[in-house]
Amino acid sequence: MKDHIAALINAALNTMIDNGDLPADVEPRVNIDRTRDKAHGDLASNIAMTLAKAAKKPPRDIAQLIINALPASEKLTKAEIAGPGFINFFLNEAAATAVVKEILSQGKNFGRSNKGAGKKVQVEFVSANPTGPLHVGHGRGAAVGDSICRLLEADGWNVTAEFYYNDAGQQINNLAGSVQARCKGLGPDDDSWPEDGYRGDYIIDVAKSYMAKETIDAEDKHVVGKGDVDDKDAIRDFAVAYLRREQDLDLKAFGVDFDVYYLESALYADGDVEKTVQRLIDSGHTYEKEGALWLKTTDFGDDKDRVMRKSEGGYTYFVPDVAYHLNKWNRGFERVVNEQGADHHSTITRVRAGIQAVSQHQGQDIPKDWPEYVLHQMVMVMRGGEEVKISKRAGSYVTIRDLIDEVGKDATRYFLAARATTSQLTFDIDLAVSQSNDNPVYYIQYAHARVCSMHRKLADNGWSWSSGEINSLELLTEDAEKVLLNKLAAYPELISNAANHCEPHIVANYLRELAGDFHSYYNSHKMLIDNSELRNARLSLSEAVRQVIENGLSLLGVSAPTEM
């Protein structure tokens with residue numbers, strides 16, 4: 001319908017140019033938005049205000065000229081001026097209710113598009129060090145990242161979900177030392193316990209499994225415990241495989257799957273890190289100082305240059321990141337989205353600087369804002385009005401598994417994705433398990449189940465309804481029905497915007513609003529009435545609401561139960 005209104009406006013503008021009311025060289029940009037209040041029509045445009053300067057006329061005068069020049073349309077009842085020069089468009093009943101037929105005919109495909117045109121996009125998320133169970137921060141990254149993948153796929157992109165394992169570096173050495181100490185029967189209170197050792201009970205489980213010579217299968221890594229307390233390399237390999245498997249199990253319980261698992265160690269084994277360092281040197285954007293190798297990140301907007309190779313040897317953490325992202329580009333991903341914690345903010349400029357240094361030197365033409373970053377803020381878990389800080393399993397933090405066990409997968413996923421990533425998130429366990437209207441997950445799922453319940457009750461009265469026989473939609477004239485129709489019509493554009501901006505919280509908020517509008521409608525209007533035409537019209541509208549709720553929840557990885 002937006003396209004139809006835009007076509008009408010463009011036709012009116014051409015008429016105005018022919019009449020001399022607009023300059024011939026004007027380049028109008030027609031924007032159409034849905035109104036929030038049905039009293040202001042169904043759709044609105046600010047085109048008159050954007051043309052005021054070029055036309056040298058007041059916006060309201062331009063708006064009136066546009067209205068006068070609009071071609072006739074059987075889909076419109078009227079167009080009127082509002083405020084400083086907005087044009088509000090009112091659709092007739094047939095046009096307004098057409099969305100119901102569209103939803104019921106398209107079903108699960110409603111809201112999906114091909115705007116991505118099958119172009120390749122990679123979404124990297126979670127990417128936790130394999131040093132312990134996934135904490136609630138990883139959980140937020142998993143919920144947001146997986147929802148971004150689902151949104152992009154719904155928008156027509158060819159999506160690859162990727163997990164980058166940081167299986168190299170000092171933290172892995174700390175892990176190996178911790179497991180080795182447990183294998184020797186030591187605990188965190190012993191004087192010889194590693195200074196930066198991991199203290200969670202899960203380290204005991206890893207040590208017991210290693211000493212029992214168990215076999216670990218973790219994606220592409222298969223390791224058998226050697227049982228030798230003095231072989232630290234064997235302990236390291238076993239511990240990484242064990243915790244990778246545990247993280248995989250956590251993610252499967254969360255309903256998150258990855259297409260690719262990429263190991264940081266592979267960048268070293270394949271020589272990619274050394275090749276990247278040499279390319280950076282060849283680019284002319286590096287220099288030696290005090291025994292260290294520096295990258296001139298200030299050439300690319302950073303506030304100071306950054307050390308690449310420390311004077312005592314070894315690369316700083318952003319160097320393999322540059323190598324990894326050049327690897328992504330070479331794999332053909334013209335769009336890459338990195339969903340990470342806010343603590344990664346400082347790495348963005350230096351990683352992009354390294355990419356640009358190589359890109360410009362080799363003529364690869366990698367965009368300056370590539371890759372994209374979605375950074376989420378911290379999560380605070382509350383129960384009984386107090387913060388929950390520790391887990392029996394992990395020791396010092398709350399894990400994803402803790403939340404799933406407490407409140408279930410659906411509530412965990414919804415709550416972790418329902419706020420903008422730029423905002424800190426408070427996860428209230430008491431609210432997440434409550435069966436009340438204050439719990440958004442329950443509220444949304446209950447709306448879906450209510451419609452399913454109505455269909456089950458039809459047979460009790462000897463009635464039937466079929467999506468293939470949708471009639472009498474013109475009877476949907478109540479204000480509450482118009483609100484629902486307007487909300488449903490907004491869904492496809494909302495999904496596309498959420499995908500484009502990588503903002504799944506937009507979907508979560510929309511579903512809560514839609515559920516609220518439906519509950520209000522259901523509570524104030526009888527559905528299963530004797531008047532068959534009105535009954536079927538209301539059932540059709542309700543079924544359209546149910547379908548959109550199901551579609552939207554699936555994009556968040558949340559189920560749509562038929563009974564509550």
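Which helix is largely enclosed by the rest of the structure, and why? Helix α14 (residues 409-417) is, because eight of its nine residues are buried. The legends below start with the whole chain and then move to single sites.

**Figure 1. Overview of the predicted protein chain.** This is a predicted model, in which local features need pLDDT of at least 70, side-chain atom pairs count only at pLDDT 80 or more, and totals for chains, interfaces and linings use all residues. Residues are numbered from 1 along each chain as its sequence is written, and side-chain values use heavy atoms, with hydrogens and water left out. The chain holds 20 helices and 17 strands. These are DSSP runs, numbered from the N terminus: helices are H or I with at least four residues, strands are E with at least two. The C-alpha trace spans about 85 × 65 × 40 Å along its principal axes. Of 564 residues, 53% count as buried. Buried means under 20% relative accessible area, exposed over 50%, and partly exposed in between (1.4 Å probe, protein chains only). Take the contacts between residues at least 6 apart in sequence: 70% of them join residues at least 24 apart. A contact means heavy atoms within 4.5 Å.

**Figure 2. Helix α14, seen with its buried residues.** The buried residues here are Asp410, Ala411, Thr412, Arg413, Tyr414, Phe415, Leu416 and Ala417. Lys409 is partly exposed, with a relative accessible area of 28%. The side chains of Lys409 and Asp410 meet in a salt bridge (3.5 Å, N to O). A salt bridge is a side-chain nitrogen of Lys or Arg within 4 Å of a carboxyl oxygen of Asp or Glu. Asp410 has a relative accessible area of 17% and counts as buried.

**Figure 3. The largest nonpolar core and a second, separate one.** The largest core has 91 residues. Val126, Phe258, Tyr414, Phe427 and Leu488 touch the most other members. A second, separate core of 28 residues includes Ala6, Ala12, Ile32 and Ile66. A nonpolar core is a set of buried Ala, Val, Leu, Ile, Met, Phe, Trp, Tyr and Cys residues joined through side-chain atoms within 4.5 Å.

**Figure 4. Val126 and Glu290, two loop residues with positive phi.** Most residues other than glycine have a negative phi, and most peptide bonds are trans. Val126 sits in the loop between β5 (120-125) and α5 (136-154). Its phi is near 70°. Val126 is buried, at 12% relative accessibility. Leaving aside neighbours within four places in sequence, Val126 has contacts that include Leu134, His138, Phe163 and Phe258. Glu290 lies in the loop between β10 (286-289) and β11 (292-295). Phi of Glu290 is near 55°. Glu290 is exposed, at 69% relative accessibility.

**Figure 5. The cis peptide bond between Trp370 and Pro371.** Omega is about 0° at this bond. Pro371 belongs to the loop between α12 (345-362) and β14 (372-376).

**Figure 6. Glu264, a buried residue with no salt bridge.** Glu264 is part of helix α9 (residues 264-269). The nearest side chain of opposite charge is Lys310, 11 Å away. Lys and Arg count as positive, Asp and Glu as negative; His and the chain ends are not counted. Leaving aside neighbours within four places in sequence, Glu264 is in contact with Tyr164, Tyr165, Asn166, Asp167, Ala168 and Pro320.

**Figure 7. Salt bridges between distant parts of the chain.** The whole structure has 23 salt bridges. Arg401 and Asp250 form one of them (2.3 Å, N to O). Arg401 is in helix α13 (residues 400-407) and Asp250 is in helix α8 (residues 232-253), 151 residues apart. Arg401 is partly exposed at 23% relative accessibility, whereas Asp250 is buried at 0%. Asp517 and Lys487 also pair through their side chains (3.9 Å, N to O). Asp517 lies in helix α19 (residues 505-524) and Lys487 in helix α17 (residues 479-489), 30 residues apart. Asp517 is partly exposed, with a relative accessible area of 23%. Lys487 is buried, with 17%. Lys108, Glu543, Arg546 and Glu550 are joined into one network by salt bridges that share partners.
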